[in-house]
Amino acid sequence: SNSEDSLRNDFLAALLGWTPDLWMHIKQKNSSMAALFFSIFIIDFTDAIFDFALSLQDIHSRSTETGNLGILLLIMTILGRILSGMHGLYVKKYQPEQDDAFSMFALMEIGVFFLE
């Protein structure tokens with residue numbers, strides 16, 4: 001259905017780090033907040049790509065020095081992306097106040113960076 005497609009698209013966008021908060025500030029032409037959220041999006045997305053590449057490189061090299069850290073990094077990166085996606089769905093569905101939304105976004109990003 002259309003609602004399920006919308007939820008899936010919102011989850012996938014948030015999985016990459018694109019948040020409803022960023023889109024809201026772009027629509028409202030609030031350039032300073034849009035720039036802040038966009039820069040956090042770029043940093044978060046780049047970090048996830050590097051973590052994913054490093055984990056695959058470590059898994060592929062089968063290094064005995066690092067043990068199974070590549071597998072751990074891969075799992076934690078996937079969990080971080082899922083956390084980001086769940087945050088995007090929550091914000092899209094419940095649309096919290098702007099101050100609450102920013103606080104939740106900051107806590108989500110801290111959680112993602114600690115996981116990764």
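Okay, quick word on vocabulary before we start: when I sort residues by class, Ala, Val, Leu, Ile, Met, Phe, Trp, Tyr, Cys and Pro go down as nonpolar, Asp, Glu, Lys and Arg as charged, and the others, Gly among them, as polar. Keep in mind that what you see here is a predicted model.

Let's use that sorting on a pocket. The second largest pocket has a lining of 7 nonpolar, 1 polar and 1 charged residues, and its volume is about 170 Å³. Who's in the lining? You'll find Leu15, Leu16, Phe45, Ala48, Ile49, Phe52, Thr77, Ile78 and Arg81. Helix H1, residues 2-16, is one of the elements giving two or more residues to that lining, along with H3 and H4. The top contributor is H3, with 4 residues.

So how do the helices sit against each other? Generally, you describe two packed helices by the angle between their axes and the distance between the axes.

Start with H3, residues 31-61, and H4, residues 69-94. Their axes come within 7 Å and cross at roughly 155°. Over 145 degrees counts as roughly antiparallel, so that's what H3 is to H4. The crossing is left-handed. On the H3 side, the contact uses Asp44, Ala48, Asp51, Phe52, Leu54, Ser55, Asp58 and Ile59, and on the H4 side Leu69, Gly70, Ile71, Leu73, Leu74, Thr77, Arg81 and Ser84. Sorted by class, that's 8 nonpolar, 4 polar and 4 charged residues. Ala48, Phe52, Thr77 and Arg81 may ring a bell: they belong to the pocket lining too.

Next, H3 with H5, where H5 is residues 98-115. Here the axes come within 12 Å and cross at roughly 20°. The cut-off for roughly parallel is under 35 degrees, so H3 and H5 make the grade. This crossing is left-handed. Met33, Leu36, Phe37, Ile40, Ile43, Asp44 and Asp47 of H3 touch Phe102, Phe105, Glu109, Val112 and Phe113 of H5. The class count is 9 nonpolar, no polar and 3 charged.

Last pair: H4 and H5. What angle do their axes cross at? Roughly 170°, and the axes come within 8 Å. That makes this pair roughly antiparallel. From H4, the contact takes in Met76, Leu79, Gly80, Arg81, Leu83, Ser84, His87, Tyr90 and Val91; from H5, it's Met104, Phe105, Met108, Gly111, Val112 and Leu115. The tally is 10 nonpolar, 4 polar and 1 charged.

If you want one residue to click on, try Arg81: it lines the pocket, meets H3 and takes part in the contact with H5.

Notes:
Residues numbered from 1 in each chain as written. Predicted model: local features only at pLDDT ≥ 70, side-chain atom pairs only at ≥ 80, totals over all residues. Heavy atoms only, no water. Axes fitted to C-alpha atoms, helices over the stretch in contact; angles between N-to-C directions. Parallel < 35°, antiparallel > 145°, perpendicular 65-115°, else oblique. Left-handed = near helix turned anticlockwise from the far one by under 90°. Contact = heavy atoms within 4.5 Å. 1 Å grid on protein atoms, 1.4 Å probe; cavity = no way out; pocket = protein on both sides within 12 Å on 5 of 7 lines; lining within 4 Å. Points joined across faces, edges and corners; volume = space filled by probe spheres on them.
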